[in-house]
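User: I have a model open and would like to go through its fold with you. Could we take the sheets, then the interior, then anything odd in the backbone?

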Amino acid sequence: MMTIDDIMVKAPVIPVLVMDDITMAEPVARTLVKAGLPVIEVTLRTPAALDIIEAMSKVEGAIIGAGTVLNETDLKNSMEAGAQFIVAPGLTEPLSKAAIAQKIPYLPGISNPSDIMRGLALGLTRFKFFPAEALGGIPTLKAFSAPFHNCRFCPTGGITAASAKDWLALNAVLCVGGSWILPSGTVDLNELRKRAEQAAQLGN
């Protein structure tokens, strides 16, 4: 089984998807994998999210995770749908302990030093910094990374194609979450491919 580190270094950007059209699940996953972004986070923000995770999980080369996982029920449902990793917007002890017990790669959200310290107490060192830009952006994460030098982050929230490279230049950042890859609305696979290919080059 992959570790959360394995997943975070697969590509510089993890597309963060909010989708409700299951017919587009496999085409979107195939497009992202072919463009060089195999790690995909499907947020549990729509009624179709679990079905979309299940459909995308069948695409060769795709590493599908569930995002916006809030509790143990979400965790169970996501794993049953085929999620290979779990992303939460915050850090709670019940969810964290359940994810650790299931031995599934897990990326909880943090927004302050206390969150990080609670995570460290649970044996976690990999975190989602969320909402990244709203919390002060790069200067804030730089301040966090000094006392927590053994931690690595996936900043998510407000990051754009233009700002992603600056985030990725930080030693503490292994990847970024990108909702700009597939904005809400109608899916244009050609536009998706272009955005994904550009994002995949950010790590070079």
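Analyst: What follows is a walk through this structure, which is a predicted model.

User: Fine, sheets it is. What is the strand order in the sheet of 6 strands?

Analyst: The order is S5-S4-S3-S2-S1-S9, and these 6 strands make an open sheet with parallel pairing. Strand S5 (106-107) and strand S9 (176-178) are at the edges, and because each has a single partner strand, one side of each has no neighbour in the sheet.

User: How many bridges join S1 to S2?

Analyst: There are 2 bridges between strand S1 (residues 13-17) and strand S2 (residues 39-43), and the two strands run parallel. Within this pair, leucine 17 is placed opposite valine 42 of S2.

User: And the sheet of 3 strands, what order does that have?

Analyst: That one is also described as open, with the order S6-S7-S8 and parallel pairing. Its edges are strand S6 (109-110) and S8, each of which has a single partner strand, so one side of each is without a neighbour in the sheet. Strand S7 (residues 126-129) and strand S8 (residues 152-155) run parallel and are joined by 4 bridges. Between them the chain passes through helix H7 (residues 137-145), giving a β-α-β crossover that is right-handed.

User: Which residues face each other there, say for lysine 128 and phenylalanine 129?

Analyst: Lysine 128 has cysteine 154 in S8 as its bridge partner, while phenylalanine 129 stands opposite proline 155 in the same strand, S8.

User: Back to S9. Is glycine 177 buried or exposed?

Analyst: Glycine 177, which sits in strand S9, has a relative accessible area of 3% and is therefore buried, the limit being under 20%. Leaving aside residues up to four places away in sequence, glycine 177 touches Ile14, Val16, Cys154, Pro155, Thr156 and Ile159.

User: Cys154 and Pro155 came up a moment ago. Where do those two belong?

Analyst: Both numbers fall in strand S8 (residues 152-155), so the contacts of glycine 177 in S9 include residues of S8, a strand of the sheet with order S6-S7-S8. Glycine 177 also lies 9.4 Å from isoleucine 40, C-alpha to C-alpha, although the two are 137 residues apart in sequence.

User: Let's move to the interior. Which residues of helix H3 are buried?

Analyst: In helix H3 (residues 49-56) the buried ones are Ala49, Ile52, Ile53, Ala55 and Met56. They are on the same side of H3, because they cover an arc of only 165° around the axis. The elements that cover these buried residues include S1, helix H2 (25-35), S2, strand S3 (63-67) and helix H4 (72-81).

User: What does methionine 56 touch?

Analyst: Not counting residues up to four places away in sequence, methionine 56 touches Leu17, Met19, Ala25, Val28, Ala29, Ile40, Val42, Ala62 and Ile64. Methionine 56 is also one of the residues that touch the most other members of the largest nonpolar core, which has 62 residues; Val28, Leu32, Leu37, Phe153, Val176 and Ile181 are the others named for this. Separate from that core is a second one of 11 residues, and Ile4, Met8, Val39 and Leu107 are among them.

User: Just ahead of H3, where is threonine 46 and what is its side chain doing?

Analyst: Threonine 46 lies in the loop between S2 and H3, and its relative accessibility of 16% counts as buried. A polar atom of its side chain is 2.5 Å from the backbone oxygen of methionine 19. Apart from residues up to four places away in sequence, threonine 46 touches Val18, Met19 and Asp20.

User: Now the backbone. Where is there a cis peptide bond?

Analyst: A cis peptide bond joins phenylalanine 130 and proline 131, with omega of about -10°, and proline 131 is in the loop between S7 and H7.

User: Why would you flag that, or a positive phi?

Analyst: Because most peptide bonds are trans, and most residues other than glycine have a negative phi.

User: Then which residues have a positive phi, and where are they?

Analyst: Threonine 68, in the loop between S3 and H4, has a phi near 55°. Lysine 103, in the loop between helix H5 (93-102) and S5, has a phi near 60°. Threonine 68 is buried, with a relative accessible area of 16%, whereas lysine 103, at 65% relative accessibility, counts as exposed.

How values were computed
Residues numbered from 1 in each chain as written. Predicted model: local features only at pLDDT ≥ 70, side-chain atom pairs only at ≥ 80, totals over all residues. Heavy atoms only, no water. Pairing = 2+ DSSP bridges. Buried < 20%, exposed > 50% of the residue type's maximum accessible area, 1.4 Å probe, protein only. Contact = heavy atoms within 4.5 Å. Arc of directions from axis to C-beta. Polar contact = N/O pair within 3.5 Å; in protein donor to acceptor, adjacent residues only side chain to side chain. Right-handed = clockwise from strand over helix to strand, strands pointing away. Core = buried A, V, L, I, M, F, W, Y, C linked by side-chain atoms within 4.5 Å.
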